[in-house]
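Biologist: I am new to this one, so could you walk me through it and tell me how each label is earned?

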Amino acid sequence: MALRLPPPAASAANITSKNRGRFGGRIDIRAAANQKVEHDRSREVYTSRPRKSPSPLGTAEEMASRLGHDIAVANLERLFRQQTAGGDRPPADGGSSGRPVRVAYQGSRGSYCQEAAARAFPSSACEAFPCAHMEDAFAVLEDHSADRAVVPAENSLDGPIDRNLDLLLRHPGVRILGELVLPVNHCLLSLPGAPRSGLRRVISHPQALSHCRRSLEALDLEVDEVCSAAEAAQFVAENRVADTAVIGSKMAAREFGLWVLEPDFQDQHLGGNFNRFLQLGLPSHAQGLSSSSSTRGRRSEQKTTVAFALEDGASDLFRAMWIFESRGVKVLRVDHRPNRAKPLRVVERGGDGLGTATYLDYVFVLDLVGSASDPAVEAALAQMTEIAGFVRVLGSYVSTCHPGIN
């Protein structure tokens, strides 16, 4: 059986059976066009400049009048641009103006990232909208279409999402303003009223399928991969596909009216399975717009993320670590990314005629305990400039962990 939506203009997620051959050759899951309505609206720019008359100016009086009108309109446009650029930002509760906080999240409606955004900003005065592409979450911050962006950073089983780390390095104006760690809750979703005995297949993103491997083996159903679990959930709901279940989030169930057949469908790993999300923003908007996630059962600490490139390369990393260790600054995580500004490092191999060696160069990213304004952290960062080509603080923020929330 092949299920295919009519071809609206949107991206498709291809499903290929992994257990029992191909399921109908291909299922095209296409996001509905109205998924991006909020996003598109938030990026529209309105101007009040009148349309010029095609007739030439006749008299000096008319020219003066028209010039005065143009100056007045230009001043109004300038004031409008200042307001839309964030000159008067409201606090997180919407402020006296009543405008909600605009929160962009990476992915589609019903994604785990939308779930994280709702957790970080649970107030009704929050206007969340999806970003189909990872770069868009950074772009809407820089053009002031959003006050905050929530992006996934890492999974405790699969590791970091390198693309978002690269984007942080490529967008120096964007800062990390908060971190949220949530337990993974993969849910088995289906149409309301559809009998479980009638299921023939389960579909989801490959990462979710790998997290639920043992549970899927117990079901003994066809297993198919899709590019987006949230779009798969929307497809099943809108097309009333009764014989297909989706592994997705509780947010997807709420967004598309699906039943949660089984929560916590993921395999139970020793130590658990957690997602780490970053709350991003512009430094000028850091005040008054912090997230307001529930304090129930959470643990919080202050962290700082710093990026640097070492003049002598990776062999000097021990010196960087010692700078922090000697001041009692705890290093929580070490990562590295390609140094796009200086991709190659040429090193002399000694004075014995061996010539030079060429290596790839890297940017190192460290998570530290404490704020960048703490005396020990501040002193360590100052000393880092002695051995680093550059040092950049990517953010100083509160990290919140909800270890028991499902």
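Modeller: Happily! This is a predicted model, and we can begin with the largest cavity, where α5 gives the most to the lining, with three residues.

Biologist: What makes a space count as a cavity here?

Modeller: A 1.4 Å probe must fit inside but be unable to get out. The structure has two such cavities of 30 Å³ or more, and the largest holds about 130 Å³ of space. Its lining has 14 residues, and those closest to the centre are Ala-153, Leu-165, Arg-276, Leu-278 and Arg-333.

Biologist: Which elements each supply at least two residues of that lining?

Modeller: They are α5 (162-170), β14 (274-281) and β16 (331-338). Sorted by class, the lining has eight nonpolar, two polar and four charged residues.

Biologist: Why are the buried residues of α10 said to be on the same side?

Modeller: The buried residues of α10, which spans residues 317-325, are Ala-320, Ile-323 and Phe-324. Around the helix axis they cover an arc of only 95°, so they are on the same side of α10. Buried means under 20% relative accessible area, and exposed means over 50%. By that rule, Phe-318, Trp-322 and Glu-325 are exposed, on the face turned away from the buried side.

Biologist: What do the buried residues of α10 pack against?

Modeller: They pack against β15 (299-310), β16, β19 (362-369) and α11 (375-384).

Biologist: How do you know that β10 pairs with β11?

Modeller: Two strands pair if there are at least two bridges between them. β10 and β11 (residues 222-225) have four, in the parallel sense, so they meet that rule. One partnership sets Ser-204 against Glu-225 in β11. β10 also runs parallel to β12 (residues 244-248), joined by three bridges, and there Val-202 has Ala-245 as its bridge partner.

Biologist: Which way do the residues of β10 point, and are they buried or exposed?

Modeller: Arg-201 and Ile-203 point one way, Val-202 and Ser-204 the other, and all are buried.

Biologist: What makes β20 a partner of both β8 and β15?

Modeller: The bridge count again. β8 (residues 175-183) and β20 (residues 388-401) run parallel and are joined by four bridges, with Val-181 opposite Cys-401. β15 and β20 pair in the antiparallel sense over 12 bridges, and Ala-307 has Arg-392 in β20 as its bridge partner. Each pairing has at least two bridges, so each one qualifies.

Terms used
Residues numbered from 1 in each chain as written. Predicted model: local features only at pLDDT ≥ 70, side-chain atom pairs only at ≥ 80, totals over all residues. Heavy atoms only, no water. 1 Å grid on protein atoms, 1.4 Å probe; cavity = no way out; pocket = protein on both sides within 12 Å on 5 of 7 lines; lining within 4 Å. Points joined across faces, edges and corners; volume = space filled by probe spheres on them. Nonpolar A, V, L, I, M, F, W, Y, C, P; charged D, E, K, R; others polar. Buried < 20%, exposed > 50% of the residue type's maximum accessible area, 1.4 Å probe, protein only. Arc of directions from axis to C-beta. Contact = heavy atoms within 4.5 Å.
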